[in-house]
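Let's take a walk through this structure together, from whole chains down to a single residue. Have the sequence and the 3D view side by side as you read.

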Amino acid sequence: MMEFVVDAWRAWAPGMEDETAWATWCAAPHAIVDNGEQPACEFVPPMQRRRLSRLARIVMHAAWPLCGDDEQLPFVFASRHGETTRTFAMLDEIGRNAPLSPTQFGLSVHNAIAGQWSILRGQRGESVAIAGEADTFEHAIVEAAALLGDGLPAAIVVIAEERPAPAYDGHIDDIPFSYALALRLSVAGSGPRWRLSLAANDGAAPVAGVPHALRFVRALHDGAPLDHPWKTRRWHWQPSA
Amino acid sequence: MTDLERDIARLIIDTLALEHLTVDDIAADQPLFGQGLGLDSVDALELALALQNRYGLRIASDSREARRHFETVRSLALYVESSSCAG
């Protein structure tokens, strides 16, 4: 079992720009339409911003205010599908026997966004980039809990997914719209305290429709426990007094 | 700027996603790398690829010549012109 404090959180999805929008959505979750919107990220200078993919912009927008300019915090980037847009563009180039774009190639690796975070925020500490199955979010929390267990006072965790190109329809079915959730976790902060535990799954099926990380946003609003069964694993989120 | 120089400036803006700039923001004799426009080594590779696709140029990646051709929009235009005359 892991226990930690959610010091602060920020989420992004198309049209969901502030806390009020999320509070309304959490009261009655509905499908969000993704028309390719992306955060402006005007806090990043233009020469650096041009290298940010849509997924990277979503991550920066969500995570940026959670880290002070004078802080060094470990960073956990989690995404099940990662930079599918960049990968798909490169597959297209390969299919046409065209040379690969060096920019696309360099920034398509799974830890590229963690690297960009490090450069843009002057962060010199630990960073982790992970991809898992439908419970990638929980695995990201395990990473953060391990960093906190090592004695670090706080950690930033971001899970982000970008709706992939239509060619992936039928292959990627768990990103109804692009989204990100960024959390600032600590051992002894002042926010709500949560426990995450893992048990064997007895055959329960996962809830389809809403991305799991956004179900946790809803739990942050109503303070209710949350179950996440996936294959042999059953994760349990429990608010703790 | 000549038409070719404007074409090259446009190509640089589009290829390198310099959305905050227009063709008129890039002077023909402005250094492209380092203190000038601020492009870096990844941009150099990307730009070489784009010039190859657009004008059929072949550019050796680490030659001293290439470094000279890539100094400014004007030097790139001269290189494109001399290459197409030679071809």
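Two residues are in contact here when they have heavy atoms within 4.5 Å. Helices (H or I, at least four residues) and strands (E, at least two) are DSSP runs, numbered from the N terminus. Bear in mind that this is a predicted model: local features need pLDDT of at least 70 and side-chain atom pairs count only at pLDDT 80 or more, while totals for chains, interfaces and linings use all residues. Residues are numbered from 1 along each chain as its sequence is written, chains are lettered from A and ligands numbered from 1 in the order in which they are written, and side-chain values use heavy atoms, leaving out hydrogens and water.

Start with chain A, which has eight helices and eight strands. Its radius of gyration is 18 Å, close to the 18 Å that the globule rule gives for 241 residues, so chain A is as compact as a globular protein of that length. (The radius is taken over C-alpha atoms, and the rule is 2.2 Å times the number of residues to the power 0.38.) Along its principal axes, the C-alpha trace of chain A spans about 55 × 45 × 35 Å. Of the contacts in chain A with a separation of 6 or more, 73% link residues 24 or more positions apart.

How much of chain A is buried? Buried residues make up 48% of its 241 residues; buried means under 20% relative accessible area, exposed over 50%, and partly exposed in between, with a 1.4 Å probe and protein chains only.

Now zoom in on helix α3 of chain A, residues 54-63, where 10 of 10 residues are buried. The buried residues of α3(A) pack against β1, α2 (46-49), β2 (75-78), α6 (112-121), β4 (154-161) and β5 (179-186) of chain A.

A:A63 is a handy residue to click on in helix α3 of chain A. At 0% relative accessibility, A:A63 counts as buried. Leaving aside neighbours within four places in sequence, A:A63 is in contact with A:F75, A:W117, A:I156, A:V158 and A:A182. Take A:V158: it sits 95 residues from A:A63 along the chain, yet their C-alpha atoms are separated by 6.9 Å.

Helix α1 of chain A (residues 19-27) has two faces to look at. A:A21, A:W22, A:W25 and A:C26 are buried. They cover an arc of only 130° around the axis (going by the directions from the helix axis to the C-beta atoms), which puts them on the same side of α1(A). An α-helix has 3.6 residues a turn, so residues three or four places apart point the same way. The buried residues of α1(A) pack against β1 (2-12) and α8 (212-222) of chain A. Spin the view round, and the face turned away from the buried side of α1(A) carries the exposed residues A:E19, A:T20, A:T24 and A:A27.

What about chain B? Its elements run α-α-α-α from the N terminus on, with four helices and zero strands. The radius of gyration of chain B is 12 Å, close to the 12 Å that the globule rule gives for 87 residues, so chain B is as compact as a globular protein of that length. The C-alpha trace of chain B spans about 35 × 25 × 20 Å along its principal axes. Of its 87 residues, 39% count as buried, and residues 24 or more positions apart account for 53% of the contacts in chain B with a separation of 6 or more.
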